[in-house]
Amino acid sequence: MKKSSSETSKLDRKTVEKNRRVHMKDLCFKLASLVPHHFFKPSKDMLSQQDQLELAACYIKQMRERVEKLKRVKEQAITTIQTSRSDMASMMIGLRLPVIELRDFGSSIEVVLVSGLNKNFMFYEVITVLSDEGAEVVSASYSTVGDKVFHTIHAQVRICRVGVETSRVWERLQELIS
């Protein structure tokens with residue numbers, strides 16, 4: 001009886017070891033399949049498991065270095081963007097808000113108004129000025145960037161023969177924002 005139990009124990013150990021080797025071989029194959037094919041040097045012979053593991057380790061090392069390099073590039077880009085934003089902010093401090101830009105396209109006009117969040121002007125008053133001067137508002141939009149609000153109004157002439165006196169519109173809009 002002792003003999004058969006020790007033989008069974010030996011067989012169990014052999015089976016366990018065989019299963020472990022098969023499992024390790026499978027894991028090595030999976031690892032090698034994750035490494036891009038162009039990374040392997042072309043050769044006539046199949047690479048040994050040891051060679052595949054060394055190539056995988058080399059590939060992982062290269063990818064780590066690449067990730068670190070990309071992180072440094074990203075940090076530099078963020079620093080550059082933050083610097084340029086602060087430069088723009090300091091330039092914008094000198095810009096007196098609100099600002100009006102009026103573009104005359106013949107039969108249509110565009111009004112761009114940049115104001116601060118704390119500047120309370122009535123948007124409808126701008127539309128009223130345009131309407132009083134003979135323009136019909138076609139579209140109006142706004143967007144907020146930081147502490148600035150950008151309004152864009154597109155209007156076209158109601159009566160083509162009469163037109164819109166843009167200098168008069170400009171003056172009235174300047175009075176409105178002052």
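The following exercises, with worked solutions, concern a predicted model.

**Exercise 1. The sheet**

Task: Determine the order of the strands in the open sheet and state which strands stand at the edges.

Solution:
- Step 1. The open sheet consists of 4 strands, and its order is β1-β2-β4-β3, with antiparallel pairing.
- Step 2. β1 (99-104) and β3 each have a single partner strand, so these two stand at the edges and one side of each is left without a neighbour in the sheet.
- Step 3. From one strand to the next, the twist averages 15°.

**Exercise 2. The helices on the sheet**

Task: Identify the strands touched by helix α3, and those across which helix α4 lies.

Solution:
- Step 1. Helix α3 (residues 123-132) packs on the sheet and touches β2 (108-116), β3 and β4.
- Step 2. The direction of α3 makes about 20° with that of β4.
- Step 3. Helix α4 (residues 166-177) lies across β1 and β2. Relative to β1, helix α4 runs at about 165°.

**Exercise 3. The hairpin**

Task: Describe how β3 and β4 pair, and examine the turn of their hairpin.

Solution:
- Step 1. Strand β3 (residues 135-145) pairs with strand β4 (residues 148-157) in the antiparallel sense, over 10 bridges.
- Step 2. For Ser141, the bridge partner in β4 is Thr152.
- Step 3. The hairpin leaves 2 residues between β3 and β4. In the turn, Gly146 has a positive phi of about 65°.

**Exercise 4. A residue of strand β1**

Task: Decide whether Ile100 is buried or exposed, and list its contacts beyond its neighbours within four places in sequence.

Solution:
- Step 1. Ile100 belongs to strand β1.
- Step 2. Buried means under 20% relative accessible area. Because its relative accessible area is 8%, Ile100 is buried.
- Step 3. With neighbours within four places in sequence left aside, Ile100 is in contact with Val111, Val112, Leu113, Trp170, Leu173, Gln174 and Ile177.
- Step 4. Ile100 and Leu113 are 13 residues apart in sequence, while their C-alpha atoms are 4.6 Å apart in space.

**Exercise 5. A nonpolar patch**

Task: Name the residues of the nonpolar patch on the surface and classify Leu53 by its relative accessibility.

Solution:
- Step 1. The patch is formed by Leu31, Leu34, Leu53 and Ile60, which together have about 340 Å² of accessible area.
- Step 2. Helices α1 (2-34) and α2 (49-93) each supply at least two residues of this patch. Leu53 lies in α2.
- Step 3. The partly exposed class lies between the buried limit of 20% and the exposed limit of 50%. Leu53 has 33% relative accessibility and therefore counts as partly exposed.

Terms used
Residues are numbered from 1 along each chain as its sequence is written. This is a predicted model: local features need pLDDT of at least 70, side-chain atom pairs count only at pLDDT 80 or more; totals for chains, interfaces and linings use all residues. Side-chain values use heavy atoms; hydrogens and water are left out. Patches are made of residues with over 30% relative accessible area and no salt bridge: like charges are joined within 9 Å, nonpolar side chains (Val, Leu, Ile, Met, Phe, Trp, Tyr) within 5 Å. Accessible areas come from the Shrake-Rupley method with a 1.4 Å probe; for residues, only the protein chains shown count as cover. A salt bridge is a side-chain nitrogen of Lys or Arg within 4 Å of a carboxyl oxygen of Asp or Glu. Buried means under 20% relative accessible area, exposed over 50%, partly exposed in between (1.4 Å probe, protein chains only). Two strands pair if DSSP finds at least two bridges between them. Axes are lines fitted to C-alpha atoms, for helices over the stretch in contact, and angles run from 0 to 180 degrees between N-to-C directions. Contact means heavy atoms within 4.5 Å.
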